[in-house]
Structures are given as C-alpha cells and as structure tokens.
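Trainee: I am new to this structure and would love a close look at one part of it. Please choose a spot with charged side chains and explain the terms as you go.

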Amino acid sequence: MAQTSNDIKNGSVINLDGKLWAVIKFQHVKPGKGPAFVRTTIKDVLSGKIVERTFNAGMKMDFETVDNRTMQYSYRDGDAFVFMDMSTYEQVNIPAALVGEQENYLLEGTDCIISFHDGTPLSVELPASVILTVTHTEPGVQGNRSNAGTKPATVETGAEIQVPLFVGEGEKVKVDTRDGSYLGREN
C-alpha cells in the first residue's frame with residue numbers, strides 16, 4: 001500500500017532526500033481556496049535539526065520503520081558506550097558521538113531508549129531526570145544577596161552543575177538530563 005502525506009502522524013519517520021526525519025507536529029490544512037496541504041515540524045533523526053516543511057495533500061512519501069528499544073547502559077569501551085538489551089542480553093556498541101553531551105548524566109545501569117533503523121543505531125534518549133551523588137562542592141556561605149544563591153558542584157559522573165548553597169558533598173540530587181539543571185534533593 002502506497003503511503004501519502006495524508007498518513008503523516010506524530011512520531012512517523014519519513015525519508016526525505018536520503019535523510020530520516022521524525023514528525024514532531026503536523027496539521028492538515030484545507031483552505032477555502034486552493035488545494036489541501038499538510039504543515040509539519042520535523043526533526044532530523046541524526047543531527048537533531050528541527051525544520052518546518054509543507055507537503056501537498058496526497059503526495060507520495062517514503063515512511064521508514066524505526067525500532068525503539070529500552071536498553072541498559074553497561075560500561076564505556078574506548079570510543080563507544082556498551083548497552084545491553086535486557087530481554088535478549090545482547091550487547092550493542094553505541095558510538096560516543098551518538099551519546100554526545102548526555103554522557104555527563106549517564107550512570108551504569110541507566111535504562112535508555114535507543115532508536116535503530118535497519119540495525120543501525122540512530123539516537124540515544126536518557127530518562128528525563130537522573131539521581132546523582134555530589135562528589136565535590138565548596139561550603140555555601142550566606143552573604144548579602146537579594147535572591148537564593150547557587151554554587152558549582154561536581155557529581156559522580158564528572159559533570160559540573162549549579163546547586164543551591166545548602167547542598168553538601170555526599171548528597172544525592174535530581175538532575176534534568178536535557179539541560180543539566182538541578183531539580184531537587186533525593187533521600
């Protein structure tokens with residue numbers, strides 16, 4: 001069955017000019033005059049670049065199947081990260097470039113969602129937040145401030161984040177994996 005632009009849905013992956021694009025948002029538009037069209041916001045699966053594209057209604061398109069698997073991070077092996085599929089116990093090496101800055105929040109045993117296309121890994125998605133232990137931070141000093149102050153803290157993965165003054169060494173903190181912001185303390 002041939003697929004057309006009318007079949008576009010959120011999460012669909014389409015092949016445009018040899019690149020894979022994931023549909024973030026779509027809207028079918030039927031103006032009073034002229035032909036119908038589909039307005040989309042799409043994201044390049046490999047680079048993460050987001051663009052807006054408009055397609056004529058009924059235009060033939062190549063839809064691709066992307067397999068999302070939950071895998072557990074095991075260890076780092078040179079320029080690769082080793083993840084294990086917990087259902088088959090198969091180990092997969094993911095290039096460090098695919099993990100990118102997220103490695104700052106990646107602990108052994110973390111479950112991640114890895115997208116594959118034809119057996120090739122496309123992307124690694126960490127949970128929205130992780131709990132990390134503060135390994136080093138200076139003691140917070142109260143001073144002449146009009147708002148709550150922050151200080152740098154190094155966590156167990158080696159990443160440096162900003163935490164409130166009351167957070168000390170050895171405490172567990174919840175960190176947003178998208179931007180590295182402090183979300184709160186954990187018991």
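Mentor: Let's start with a term: a residue is buried under 20% relative accessible area, exposed over 50%, and partly exposed in between (1.4 Å probe, protein chains only). With 21% relative accessible area, Arg-69 is partly exposed, and this residue will be our guide. Keep in mind that this is a predicted model, in which local features need pLDDT of at least 70 and side-chain atom pairs count only at pLDDT 80 or more, while totals for chains, interfaces and linings use all residues. Residues are numbered from 1 along each chain as its sequence is written, and side-chain values use heavy atoms, leaving out hydrogens and water.

Arg-69 forms a salt bridge (a side-chain nitrogen of Lys or Arg within 4 Å of a carboxyl oxygen of Asp or Glu) with Asp-67, and their closest N and O atoms are 3.2 Å apart. Asp-67 is partly exposed too, at 38%. Arg-69 also has a salt bridge to Glu-90, where the closest N and O atoms are 3.6 Å apart. That pair links distant parts of the chain, as Arg-69 sits in strand β6 and Glu-90 in the loop between β7 (80–85) and β8, 21 residues apart. (Strands are DSSP runs of E, at least two residues, numbered from the N terminus.) Glu-90 has a relative accessible area of 39%, so this residue counts as partly exposed. Together with Asp-85, the residues Asp-67, Arg-69 and Glu-90 are linked in a network of salt bridges.

Now look at the strands around this network. β6 covers residues 67–77 and pairs with β9 (residues 111–117) in the antiparallel sense over 6 bridges; two strands pair if DSSP finds at least two bridges between them. Across from Asp-67, in β9, stands Phe-116. Both strands belong to an open sheet of 5 strands, in the order β8-β7-β6-β9-β10 with antiparallel pairing. The edges are β8 (91–95) and β10 (120–125), each with a single partner strand, so one side of each has no neighbour in the sheet.

For company, the whole structure holds 7 salt bridges. One of them joins Asp-44 to Lys-19, with the closest N and O atoms 3.8 Å apart. Asp-44 is in strand β3 and Lys-19 in strand β2, so this pair ties together parts 25 residues apart in sequence. Here Asp-44 is buried, at 5% relative accessibility, whereas Lys-19 is partly exposed, at 45%.

Definitions and conventions
Helix = DSSP H or I, 4+ residues; strand = E, 2+ residues; numbered from the N terminus.
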